[in-house]
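Student: I have a structure open in front of me and would like to take a close look at a single part of it. Could you pick one helix, walk me around it, and then show me how it fits into the rest of the chain?

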Amino acid sequence: MKRYNNIVREFYRRTFLSVIIISIFCLYIIYSYKKAEFSNGLSVTISSSVNDLLSENGIRRLDINDIKLKNKLNKISRNIIYNLNFIHVTVFSTDREVLTSIDRDGYSGLYRELWITKTLEKLNFPDSHRLIYRLQNYDKNVFLQILYPVYSGDKLIGYLGGVSRVDKRIVKDFEDNLISTLLTVIFSVFALSIIIFPIIKTSYNKIEENRFELIKTNIHTLMTLGDAIALRDSDTNDHNYRVTFYSIRLAEEMGLKKYTVRSVIKGALLHDIGKIGISDTILLKDGPLNYEEYETMKDHVILGASLVADSPWLENGLDVIRYHHEKFDGTGYIRGLAGEDIPITARIFSIADVFDALTSKRPYKEPLGVIKTIKIMNQGSGLHFDPKILDVFIRNAEKMYNEAYNLSTDILREKIKSLTDKYFME
Ligand SMILES: [Fe+2]
């Protein structure tokens with residue numbers, strides 16, 4: 001139930017986030033488009049008026065060498081300012097020298113600063129009949145800034161730059177229109193989300209159900225495989241379950257991430273899977289193995305690794321299977337790895353494996369108590385075992401032992417099952 005609630009919560013979270021992201025994206029696109037459309041419309045209207053006014057004022061007939069040129073440009077600029085509601089006009093020569101620069105009364109200073117320093121210096125002068133324009137907010141007003149190439153016939157005779165304050169009613173109409181469009185978009189996105197929400201939710205639930213079913217099947221297969229291997233050289237699964245339990249608990253005490261604990265679980269349950277390929281005469285031999293038999297027995301880690309290497313789901317258990325007989329000082333097998341070159345999951349497992357071997361009853365020995373076992377294992381610190389991990393284990397050994405040692409096989413299995421569920425199903 002808790003898992004289902006988490007899934008539903010996650011589904012709502014993702015859906016809500018998606019709706020918000022889609023809304024923001026749509027709003028941004030529409031806002032940009034509307035603003036560009038507004039600027040373009042304004043600039044076309046204003047540049048057309050400027051063009052007409054320039055023609056009426058005979059700018060096409062101006063002589064660039066006329067000694068009264070500046071006076072004539074001043075007059076034309078004033079006409080633009082007062083007839084077309086501009087607050088500033090600058091006329092440049094083709095060399096981009098300022099020929100005249102006029103402000104509307106009461107609009108000098110800051111407005112001129114705004115136009116000259118923040119716009120013209122950033123804009124390239126147009127090299128054709130192209131008009132450059134930009135809308136800019138300033139001092140609670142909206143301004144249209146234009147830079148306009150002036151031609152006499154086909155000959156470029158200069159540039160006219162100007163700042164026009166956009167009528168507040170036009171700005172208000174634009175804003176009202178923009179707000180209603182944006183609200184419509186938000187409403188449409190949410191309405192669409194509500195309509196398709198049940199369809200997505202049903203599909204999502206189905207996918208999650210299938211995913212969990214698949215994980216459950218994998219876990220069941222994993223545990224069955226673990227049982228089969230354990231029974232190959234032992235009467236019960238107890239050792240396999242206990243080493244898995246100690247390994248999980250040690251990984252938890254070390255604060256390892258969920259993914260690593262999952263690797264520990266898979267590796268621990270299947271650590272000796274390669275023994276399937278070792279002959280009974282060696283595996284079940286009653287007595288110590290000779291040199292050749294021991295060398296053959298070592299191959300179980302290679303056999304085990306090759307058995308699970310092609311399974312994508314079991315792949316992260318490979319490190320324990322392949323390296324669980326390595327020793328911290330490099331004297332183990334199969335590669336003689338040393339120190340932190342041995343994967344952490346294998347270093348964890350080897351401590352759990354030896355602890356359970358020492359504290360368990362075997363045909364050839366009685367079980368040792370925890371204190372004696374710890375004493376023996378401490379002698380292997382830095383030799384057989386990673387000293388830091390061993391320290392964590394020893395601090396918790398008694399507690400872990402009491403949690404698992406006297407449990408029946410069935411209860412141990414249930415314990416492993418619930419820990420496995422905890423790490424794989426949530
Ligand atoms: Fe082994």
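Tutor: Happy to; we will start with one helix, move out to its surroundings, and finish at the other end of the chain. Please keep in mind that this is a predicted model.

Let's look at helix α11, which covers residues 344–359. Its length is a good first check. At 1.5 Å a residue, its 16 residues should span 22 Å, and the C-alpha atoms at its two ends are 23 Å apart, which agrees.

Is this helix enclosed or open to the outside? Counting a residue as buried when 20 or more other C-beta atoms lie within 10 Å of its own, 12 of the 16 residues of α11 are buried, so the helix is largely enclosed by the rest of the structure. The buried set includes T345, A346, R347, I348, F349 and S350. It also takes in I351, A352, D353, F355, D356 and T359, so you will find charged residues such as R347 and D353 listed alongside nonpolar ones such as I348 and F349.

What does α11 pack against? Its buried residues pack against α5 (238–253), α6 (258–269), α10 (318–323), α12 (370–379) and α13 (387–404). I351 makes a nice example to click on: leaving out residues up to four places away in sequence, I351 touches L250, F385, I389, L390 and F393.

These packing partners lead us to the nonpolar core. The largest one has 42 residues, and those with the most contacts inside it are V264, I348, F349, I351 and A352. At least two residues of this core come from each of α4 (168–232), α5, α6, α9 (300–308), α10, α11, α13 and α14 (409–425). The biggest contribution is from α5, with 7 residues. There is also a second, separate core of 26 residues, which includes F38, L42, I46 and L73.

One neighbour of α11 deserves a moment of its own. H271 is found in the loop between α6 and α7 (280–283). Is H271 buried or exposed? It is buried, since 31 other C-beta atoms lie within 10 Å of H271. Its contacts, again not counting residues up to four places away in sequence, are V320, I321, H324 and F349. F349 is thus a link back to our helix, as one of the buried residues of α11. You can also compare H271 with G317: they are 46 residues apart along the chain, yet their C-alpha atoms are separated by 8.2 Å.

Now let's step back to the whole chain. It holds 14 helices and 5 strands. The domain assignment gives domain 1 (2–175) and domain 2 (233–425), and the centres of the two, taken over C-alpha atoms, are separated by 75 Å. The overall dimensions are worth setting beside that separation. A compact globule of 426 residues would have a radius of gyration near 22 Å, but this chain has 41 Å. Along the principal axes, the C-alpha atoms fill a box of roughly 120 × 50 × 35 Å. Across the 426 residues, 26% count as buried.

For a sense of distance, try S49, which has its place in helix α1 (residues 2–56). S49 counts as partly exposed, with 15 C-beta neighbours inside 10 Å. From S49 to A404 there are 355 residues in sequence and 91 Å in space, C-alpha to C-alpha.

Finally, here are some strands to set against our helix. Strand β1 (residues 86–92) has 7 of its 7 residues buried, so β1 is largely enclosed by the rest of the structure. It runs antiparallel to strand β5 (residues 155–165), joined by 6 bridges; there F86 partners S164 and H88 partners V163. With strand β2 (residues 98–103), β1 is joined by 5 bridges, also antiparallel, and H88 stands opposite D103 in β2. β1 and β2 form a hairpin with 5 residues between them, and R96 in the turn has a positive phi of about 70 degrees. Strand β4 (residues 141–152) pairs with β5 in the antiparallel sense over 10 bridges, where P149 has Y159 as its partner.

Just before β1, N85 lies in the loop that follows α2 (69–83). N85 has a positive phi of about 65 degrees although it is not a glycine. Most residues other than glycine have a negative phi.

Note on methods
Residues numbered from 1 in each chain as written. Predicted model: local features only at pLDDT ≥ 70, side-chain atom pairs only at ≥ 80, totals over all residues. Helix = DSSP H or I, 4+ residues; strand = E, 2+ residues; numbered from the N terminus. Expected span 1.5 Å × (residues − 1). Contact = placed C-beta atoms within 7 Å. Core = buried A, V, L, I, M, F, W, Y, C linked by C-beta atoms within 7 Å. Domains from an automatic or database assignment. Rg over C-alpha atoms; globule rule 2.2 N^0.38 Å. Pairing = 2+ DSSP bridges.
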